Amino acid sequence: MSAAHVHAPSDVQPLDSVPTAVRDAVEPILVGLGTSERDIFLTRLERWLPDVLDGLATLYGPAATATAATLMADAARAYTERLPELRRLDLARTLDPTWIQDPSRIGYSAYTERFAGNLRGVIQRIPYLRELGVNYLHLMPLLTPRPGDSDGGFAVADYRTVRPDLGTMEDLAALTAELRKEGMSLVVDLVLNHVAAEHEWVQRARARESRYHDYFLIFSDRTEPDEYERTLPDVFPDSAPGNFTWDEEVEGWVWTTFNTFQWDLNWRNPHVMEEFVSIILNLANHGVEVLRMDAIAFMIKRKGTDCQGQPEVHAITEVLRAITRIACPAVDLKAEAIVAATELLQYLGQGRYTGKVSDLAYHNALMVQVWSMLATRDVNLAARALSSLPVEPSTATWITYLRSHDDIGWAIDDDDARAVGLEGYWHRVFLADWYTGNYPTSDARGLVFQYNPVTNDRRIAGTAASLIGLEAVAEAIEGIDDGTPDFEIDSLRTWREERLNAMRMAYAILYAWGGVPVLWSGDELAQFNDPNWDTEPGHEHDTRWAGRPVLDQARMNNRHDRNTIEGRVFTELEHMAKVRASLPQLSADVRTQIAPVDDDGVLVTYRDHPRGSFVGVYNATPDWRSIPAWRLAEYGVLGAVDALTNTVPFGSASLAGAGDGQVPVPPYAAWWLVRSTD
């Protein structure tokens with residue numbers, strides 16, 4: 001008897017498009033459900049199964065249908081076990097599939113232990129997050145890692161348990177339940193490219209179990225590894241050069257892209273797909289709403305390439321996304337693909353994969369260009385690079401961020417640099433020098449991460465406050481004594497004000513871009529680099545930990561005191577979130593566009609929304625600049641209100657032009673000019 005005959009009213013046609021093997025796998029699992037519940041699952045199955053089959057056929061050829069039957073049985077079981085409140089959320093997200101694109105979305109990212117101690121501690125800090133407008137909480141790797149150095153938790157030893165010091169899976173479910181009450185979504189990392197050498201699958205491969213040996217890419221001699229290495233870059237050239245590691249127990253060369261203790265998985269094996277679908281469904285049923293797919297670009301290997309972003313990567317995501325739409329449509333997928341700007345749109349969906357892959361991706365190019373503008377005090381490169389990006393699909397959106405838990409790699413395209421009179425190599429060198437404080441006029445305090453002597457590439461780590469110069473200001477202020485002249489004290493105050501305004505301007509760009517702006521924990525309090533980053537076991541050689549300080553309780557206590565640096569930054573972000581949420585013009589389904597550059601120091605963006613125009617004006621310099629009044633008139637915002645201050649900047653007369661048709665723009669100004677049609 002077919003599934004359609006089991007559940008469907010007489011006027012509904014059988015699900016002829018569903019292969020018999022899939023129906024046979026699903027039917028027994030759905031027997032205990034009511035008619036409407038079966039209808040919901042089977043309707044979703046009919047809608048999304050073609051994507052599952054398409055992706056599986058690309059990956060596994062003739063094995064696609066059998067693999068689909070296994071995966072759909074897992075999806076059906078997960079659906080039957082899903083809590084009623086999660087099913088209600090599924091319904092809400094089905095009715096509003098672009099929920100993540102609403103301008104009320106604000107993100108926050110943190111290591112649990114450094115933010116609140118453990119998962120139960122996070123519950124206690126929900127009110128703090130609510131003040132910032134946060135409703136998208138990304139807790140860095142929660143699942144049990146290997147002991148010792150675990151690449152910041154990204155070497156997972158068990159995907160079905162939480163790190164013991166953070167809590168249990170029951171604590172995870174309790175946290176997600178409390179977050180849902182506040183309209184907040186939890187984001188969890190899902191490491192797809194590799195597992196820790198301590199993982200059960202590795203141990204069973206070492207025990208010569210053939211099934212698990214085939215979970216990995218293992219070679220008996222160096223012939224094939226050497227062929228691959230000809231075109232493979234080193235991800236961690238300082239600490240883990242090369243991409244293969246000899247393992248005595250397995251008697252082979254194991255593919256280890258990142259570290260010797262992280263074994264790359266063989267995603268051309270359908271059993272690996274089956275394992276991860278089960279893991280995803282388990283996390284979804286514990287209330288996780290967004291899965292950050294870590295190292296997604298590296299999952300498929302092909303000789304003669306850099307083994308990043310191969311076409312089959314998108315087939316994998318197509319399968320995973322379709323399965324979540326069938327079993328748990330409240331879940332969104334986020335691609336962690338830090339790739340060249342020209343390649344990034346693939347991860348949001350292009351061509352045959354439009355609307356079928358990730359719901360979110362990191363806008364790495366925007367982050368890099370904001371820091372470049374701040375260092376050069378020139379917006380031409382940013383305008384060129386950001387305006388030349390392909391149009392993102394309406395079904396997906398960006399994560400925008402000033403920085404993350406990771407380092408900043410200077411992804412400056414050589415063609416973009418040449419177009420504005422720069423040389424890409426030397427500009428990357430300049431940015432690395434600037435943000436380590438090695439350039440003569442720089443006040444940044446970043447640290448080098450993974451210096452590559454061959455390319456002179458230097459990635460930079462540090463907190464936002466340290467990179468933007470506030471740490472240097474604080475050091476200078478601490479040096480004040482009774483004999484310090486008043487003019488020096490005034491100069492330090494001016495310097496501090498300038499750096500605070502620069503930070504406000506940078507965040508205003510990110511908050512107004514569309515997508516989901518995400519704060520890294522501690523940046524909302526302007527915390528500086530952790531001076532003791534290298535004293536913790538396992539952190540000694542990883543400078544990224546300097547930018548991951550424990551959240552400072554004393555600064556938290558000052559967060560509403562605008563006489564403090566932390567109070568200024570926190571209250572500005574709190575206000576920015578409220579204003580952003582009130583502006584339909586900032587919905588992510590409208591593209592941010594770049595205006596022609598009229599002044600080298602001023603970036604102008606515009607968004608053409610049915611509810612009215614939005615224009616962002618950002619002075620990336622410490623000097624007064626100007627833009628033509630006719631430019632604002634062209635976009636319909638001449639004399640419009642700056643939503644951030646609820647005033648017309650400098651009055652209507654000024655906006656009409658200062659006698660020469662130019663509108664003066666103060667140092668590090670950030671204007672959100674809005675003309676509503678309401």
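Q: In what order do the 5 strands of the open sheet lie, and is the pairing parallel or antiparallel?
A: Strands of a sheet pair through backbone hydrogen bonds, in either a parallel or an antiparallel way. Here the order is S18-S19-S20-S24-S22, and the pairing is antiparallel. Strands (E, at least two residues) and helices (H or I, at least four) are DSSP runs numbered from the N terminus, and two strands pair if DSSP finds at least two bridges between them. This is a predicted model, in which local features need pLDDT of at least 70 and side-chain atom pairs count only at pLDDT 80 or more, while totals for chains, interfaces and linings use all residues. Residues are numbered from 1 along each chain as its sequence is written, and side-chain values use heavy atoms, with hydrogens and water left out.

Q: Which strands are the edge strands, and how many bridges join S22 to S24?
A: S18 and S22 are the edge strands, each pairing on one side only. Strand S22 (641-642) is joined by 2 bridges to strand S24 (residues 670-676), and the two run antiparallel. Val641 has Val674 of S24 as its bridge partner.

Q: Which residues of helix H17 are buried, and what do they pack against?
A: A residue is buried under 20% relative accessible area, exposed over 50% and partly exposed in between (1.4 Å probe, protein chains only). In H17 (residues 380-387), the buried residues are Leu381, Ala382, Ala383, Ala385 and Leu386. They pack against helices H16 (364-376), H18 (414-419) and H19 (424-435), and also against S18 and strand S19 (602-609). Two of the strands in the sheet described above, S18 and S19, are thus partners of this helix.

Q: Which members of the largest nonpolar core touch the most other members?
A: In soluble globular proteins, nonpolar side chains tend to be buried together. A nonpolar core is a set of buried Ala, Val, Leu, Ile, Met, Phe, Trp, Tyr and Cys residues joined through side-chain atoms within 4.5 Å. The largest such core has 208 residues, and Met72, Tyr108, Trp267, Met273, Tyr435 and Trp672 touch the most other members. H22 gives the most to this core, with 10 residues. Apart from it lies another core, of 17 residues, including Ala640, Val663, Val665 and Leu673.

Q: With which residues is Met72 in contact, leaving aside its neighbours within four places in sequence?
A: Contact means heavy atoms within 4.5 Å. With those neighbours left aside, Met72 contacts Val22, Val26, Phe41, Leu45, Leu49, Val52, Ile323 and Ile326.

Q: Where is Gln585 found, and is Gln585 buried or exposed?
A: Gln585 is found in the loop between H24 and strand S18 (593-594). Gln585 counts as buried because its relative accessibility is 2%. Beyond its neighbours within four places in sequence, the contacts of Gln585 are Arg607, His609, Arg611, Gly612, Ser613, Phe614, Val674, Arg675 and Ser676.

Q: Is Asn646 buried or exposed?
A: Asn646 counts as exposed because its relative accessibility is 63%. The residue is found in the loop between S22 and helix H26 (651-655). Its phi is near 60 degrees, a positive value in a residue other than glycine. Glu251 also has a positive phi, near 55 degrees, and lies in the loop between strands S8 (244-247) and S9 (252-255).

Q: How many cavities of 30 Å³ or more does a search of the whole structure find, and which residues line the largest cavity?
A: On a 1 Å grid over the protein atoms alone, a cavity is a set of points where a 1.4 Å probe fits but cannot get out; a pocket is an open set with protein on both sides within 12 Å along at least five of seven lines, and lining residues have an atom within 4 Å of a point. Grid points are joined across faces, edges and corners, and a volume is the space filled by probe spheres set on the points. The search finds 6 cavities of that size. The largest holds about 100 Å³ of space, and its lining consists of Leu500, Asn501, Met503, Arg504, Tyr507, Arg568, Val569, Glu572, Leu573 and Met576. Helices H22 (486-511) and H24 (565-581) each supply at least two of these residues.

Q: Is Glu572 buried or exposed?
A: Glu572, in helix H24, is buried, because its relative accessible area is 18%. Neighbours within four places in sequence aside, Glu572 is in contact with Arg504 and Arg562. Its C-alpha atom is separated by 9.9 Å from that of Met503, 69 residues apart along the chain.

Q: Which residues lie nearest the centre of the second largest pocket?
A: They are Asp90, Arg93, Thr94, Arg325 and Pro329, out of 24 lining residues. This pocket holds about 530 Å³ of space, and H3 gives the largest share of its lining, 6 residues.
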